Amino acid sequence: MDLIKKILGFFISLRTAIWLLIALICLLLFGSLVMPNHEEFLALHTVALFDWMQEMPMSITWWLWACIAVLSLLTANTLVCSVESLLRKRESRQWLLIISPQVMHIGFLFILLAHLLSSYNSFKGITYAYQNSVFQLPNNLEVRFNKVNADVDAMGYVKDWSADIEYVKDGKTLSQDRILPNSPSFKEGLGIYIKTVKVAPFPVAMIEVSREPGAPWALVGGILFMLGMVTLLSLKIRQEEPNES
C-alpha cells in the first residue's frame with residue numbers, strides 16, 4: 001500500500017512534470033547536435049520512426065529511446081494529475097473552469113497518440129509523374145496521371161499547377177480526382193500531393209505519396225487543446241473583470 005502511495009505521489013507531483021520536461025529538452029538538444037553528423041537520419045523522412053530505430057545502432061538512437069521513455073512517464077504524469085484534480089475538485093460549482101485544463105491535457109495526450117501511431121505505420125515517398133504515367137501504390141491500387149496541367153505567365157514562370165488522376169484496381173477505374181498544391185487526393189489511407197511542376201521539355205509533376213495514420217488524432221488533439229485554452233482564458237478574464245472595476 002505504501003509503495004502504491006509513493007508511486008501515485010511521484011506521478012501527481014508537479015516537480016515530476018518539471019523534471020521530466022527538463023530531461024526531454026536536454027535530450028532533444030543533444031539530438032539536435034547528433035543528427036547533423038550522421039547521414040542515417042536522412043532516411044527518417046521516408047521511413048516510420050520505430051522501423052528506422054530498430055535498424056540503426058544504439059550509439060546514435062539511444063537519446064530517441066530515452067525521449068520515448070520520458071514521454072511515457074510524462075503521459076502517466078498527465079493522466080494521474082488530471083484524474084486527481086477532477087476527483088479533488090468534483091464538488092466545485094465552477095465545473096467548466098475546473099475541466100478546462102484537463103481538456104487541454106487530453107488534447108496533449110491525443111497529439112502524443114497521433115505521433116505514436118504515425119511512428120509505427122507511416123510512409124512517405126517522392127516520385128515524378130507525366131501524362132499517362134501509372135504507379136502502383138502501397139495499398140495495391142494503381143494511380144494513373146491522365147494529365148499534368150501548368151499555368152505559365154508571360155515571363156515563363158509557372159503560376160499554378162494541377163494533375164488529373166484516376167484510381168484503378170484490377171483494370172477497373174474506381175474514381176477520378178484532381179490534385180492541386182493545397183488540395184491533395186486521399187484514397188484508402190494514402191494521400192497524394194502535387195509539390196511542383198516542370199514544363200520543359202514536357203510537363204512533369206513532383207508527387208509525394210504519404211500515409212499518416214496519426215493525422216486524425218492530431219486534429220482531435222489540436223481542437224481539444226484550443227477549446228480548453230480558449231475556455232480557460234475566457235473564464236479567467238471574466239473572473240478578473242469585476243475586481244479591476
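1. A strand here is a DSSP run of E with at least two residues, numbered from the N terminus, and two strands count as paired if DSSP finds at least two bridges between them. The model under review is predicted. With those terms, β3 and β4 form a hairpin with five residues between them. Within that turn, Gly-156 has a positive phi of about 90°.

2. The pairing behind this hairpin consists of ten bridges between β3 and β4 (residues 158-169), and the two strands run antiparallel. One facing pair is Val-148 and Ala-163, the latter in β4.

3. β3 also pairs with β2. Strand β2 covers residues 133-136 and strand β3 residues 142-152; four bridges join them, again in antiparallel fashion. Gln-136 stands opposite Glu-142 of β3. β2 and β3 make a hairpin as well, with five residues between the strands. Asn-140 lies in that turn and has a positive phi of about 70°.

4. A further group of strands should be described separately. β1, β8, β7 and β6 form an open sheet of four strands in that order, with antiparallel pairing. Its edges are β1 (123-130) and β6 (185-187), each of which pairs on one side only. From one strand to the next, the twist averages 25°.

5. Inside this sheet, β7 (residues 190-198) and β8 (residues 204-211) are joined by seven bridges and run antiparallel. Val-197 stands opposite Ala-205, which belongs to β8.

6. On the helical side, the pair to check is α2 (residues 14-34) and α4 (residues 58-88). Their axes are 10 Å apart, and the helices pack at an angle of about 160°. Because angles over 145 degrees count as roughly antiparallel, α2 is roughly antiparallel to α4. The crossing of α2 past α4 is left-handed.

7. Which residues in α2 meet α4? The α2 side contributes Thr-16, Ala-17, Leu-20, Leu-21, Leu-24, Leu-27, Leu-28, Phe-30, Gly-31 and Val-34. Their counterparts in α4 are Trp-62, Trp-63, Ala-66, Cys-67, Val-70, Leu-71, Leu-73, Leu-74 and Asn-77. By class, this contact has 16 nonpolar residues, three polar ones and no charged ones.

Key
Residues are numbered from 1 along each chain as its sequence is written. This is a predicted model: local features need pLDDT of at least 70, side-chain atom pairs count only at pLDDT 80 or more; totals for chains, interfaces and linings use all residues. Side-chain values use heavy atoms; hydrogens and water are left out. Axes are lines fitted to C-alpha atoms, for helices over the stretch in contact, and angles run from 0 to 180 degrees between N-to-C directions. Angles under 35 degrees count as roughly parallel, over 145 as roughly antiparallel, 65 to 115 as roughly perpendicular and the rest as oblique. A crossing is left-handed if the near helix is turned anticlockwise from the far one by less than a right angle, and right-handed if clockwise. Contact means heavy atoms within 4.5 Å. Ala, Val, Leu, Ile, Met, Phe, Trp, Tyr, Cys and Pro count as nonpolar, Asp, Glu, Lys and Arg as charged, and the others, Gly among them, as polar.
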